Amino acid sequence: MNLLPAIDILGGKAVRLAQGDYQRVTVYNDDPVAQAMSFADQGATWLHVVDLDGARDGVPGNAEVIARIIAETGLKVEVGGGVRTLDTLGRYVEAGATRVVMGTALIKSPETVEQAVARYGSVVTAGIDARDGYVAVEGWVDSSQIAATELVARLGQMGIAYLVYTDISRDGMQTGIDAQAYARIAQASGVGVIASGGISTLDDLRALAAAAAGIEGPGYLEGAITGRAIYEGSFSVAQGLDAVASR
């Protein structure tokens, strides 16, 4: 299982939101590229980057900064936030992104996602952000009437290979996670799941690693995304890497 330190970019700065609330912003670094380099220096091999302006507005707001992160760090970069068209997705693929996350498009334009998978294969990653069991869209500003479990079950039919699944109620709150819930999502989806939201301790990462070992079927836990816990010193990147490799 991989560890993916997170960089969320808003207004060109590395930030974290509390429970997806754009009014509850903590700025951690004015230079996201420098932050990414710091993670690389600490031993990270993957990075999860979200364009929060893009997620909210529906068009890329920090694409140039993200392209620099990809070019200058040598990390495998998973990019999300406002990827709702083939043009936007293609721009990130050309920049060298390893995976590109499409979330709102799964609900509002599933045919675009299918076209993207046909063109770019496993680069295309589903992003499902759930609040109270229902899918949130438009950068978490709106909630849909679609149950997260219903959308998860469709992914295999769409040709999706990876899913970033976020529990919004826990995201940015350092409240801990329900590791078995992510295991159930992996088993139901049949794809590689990247767990996101609420990871606050090394025990959370160890619990995910343990849960991963018990999954039956084609689905599996591919990785874990964490941001605030690293930024605020709950554990280091090196310690996190050891924890996800504990099973």
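Select Phe 235 first: beyond its neighbours within four places in sequence, Phe 235 is in contact with Ile 199, Ser 200, Thr 201, Leu 202, Leu 205, Thr 226, Ala 229, Ile 230 and Gly 240. The model on display is predicted. Phe 235 sits in the loop between helix H10 (228-231) and H11, and its relative accessibility is 3%, so Phe 235 counts as buried. For a sense of distance, add Ala 95 to the selection: the two residues are 140 apart along the chain, and their C-alpha atoms are separated by 31 Å.

**Helices H9 and H11**

Next, select Leu 205, one of the residues in contact with Phe 235. Outside the four places on either side in sequence, Leu 205 touches Met 1, Leu 3, Ile 199, Ala 224, Phe 235, Gly 240, Ala 243 and Val 244.

Now display helix H9 (residues 202-213) together with helix H11 (residues 237-244); their axes are 8 Å apart and the helices pack at an angle of about 25°. That angle is under the 35 degrees cut-off, and H9 and H11 are therefore roughly parallel to each other. Their crossing is right-handed. On the H9 side, the contact is made by Leu 202, Leu 205, Arg 206 and Ala 209, and on the H11 side by Gln 239, Gly 240, Ala 243 and Val 244. Coloured by class, the contact of H9 with H11 shows five nonpolar, two polar and one charged residues.

Remain on helix H9 and select Asp 204. Is Asp 204 buried or exposed? Its relative accessibility is 10%, so Asp 204 counts as buried. With neighbours up to four places away set aside, Asp 204 is in contact with Gly 176, Ile 177, Gly 198 and Ile 199.

**The nonpolar cores**

Which members of the largest nonpolar core touch the most other members? The core holds 68 residues, and the ones to select are Leu 47, Val 113, Ile 128, Leu 163, Tyr 165, Leu 205 and Leu 208. Another core, of eight residues, lies apart from it; Leu 4, Val 101, Val 164 and Ile 194 are among its members.

**Helices H7 and H8**

Move to helix H7 (residues 148-158) and helix H8 (residues 179-189), whose axes cross at roughly 40° and come within 8 Å. That makes H7 oblique to H8. To see the contact, select Val 152, Ala 153, Leu 155 and Gly 156 of H7 with Ile 185, Ala 188 and Ser 189 of H8. By class, the residues of this contact between H7 and H8 are five nonpolar, two polar and no charged.

**Helices H3 and H4**

The next pair is helix H3 (residues 63-73) and helix H4 (residues 86-95), with axes that cross at roughly 30° and come within 9 Å. H3 and H4 are therefore roughly parallel to each other, and their crossing is right-handed. H3 contributes Ala 63, Glu 64, Ile 66, Ala 67 and Ile 70 to the contact, while H4 contributes Arg 91, Tyr 92 and Ala 95. The contact of H3 with H4 comprises six nonpolar, no polar and two charged residues.

Keep H4 in view and select its buried residues Leu 86, Thr 88, Leu 89, Gly 90 and Tyr 92. What covers the buried residues of H4? The cover includes strand E4 (46-51), H3, strand E5 (76-80), strand E6 (99-102), H6 and E7. Just after H4 comes Gly 96, with a positive phi near 105°.

**Val 123 and Ala 105**

From H4, turn to Val 123, in the loop between helix H6 (110-120) and strand E7 (124-131). Val 123 has 18% relative accessibility and the cut-off is 20%, so this residue counts as buried. Beyond four places in sequence, Val 123 is in contact with Val 93, Thr 98, Arg 99 and Val 100. Select Ala 161 as well: Val 123 and Ala 161 are 38 residues apart in sequence, and 8.3 Å apart in space from C-alpha to C-alpha.

The last stop is Ala 105, in helix H5 (residues 104-108). Ala 105 is buried, with 3% as its relative accessible area. Apart from residues up to four places away in sequence, Ala 105 touches Val 83, Arg 84, Pro 110 and Val 113. Of these contacts, Val 113 was met earlier, in the largest nonpolar core. To close, select Thr 85: Ala 105 and Thr 85 are 20 residues apart in sequence, with a C-alpha to C-alpha distance of 8.0 Å.

Technical notes. Residues are numbered from 1 along each chain as its sequence is written. This is a predicted model: local features need pLDDT of at least 70, side-chain atom pairs count only at pLDDT 80 or more; totals for chains, interfaces and linings use all residues. Side-chain values use heavy atoms; hydrogens and water are left out. Helices (H or I, at least four residues) and strands (E, at least two) are DSSP runs, numbered from the N terminus. Buried means under 20% relative accessible area, exposed over 50%, partly exposed in between (1.4 Å probe, protein chains only). Contact means heavy atoms within 4.5 Å. Axes are lines fitted to C-alpha atoms, for helices over the stretch in contact, and angles run from 0 to 180 degrees between N-to-C directions. Angles under 35 degrees count as roughly parallel, over 145 as roughly antiparallel, 65 to 115 as roughly perpendicular and the rest as oblique. A crossing is left-handed if the near helix is turned anticlockwise from the far one by less than a right angle, and right-handed if clockwise. Ala, Val, Leu, Ile, Met, Phe, Trp, Tyr, Cys and Pro count as nonpolar, Asp, Glu, Lys and Arg as charged, and the others, Gly among them, as polar. A nonpolar core is a set of buried Ala, Val, Leu, Ile, Met, Phe, Trp, Tyr and Cys residues joined through side-chain atoms within 4.5 Å.
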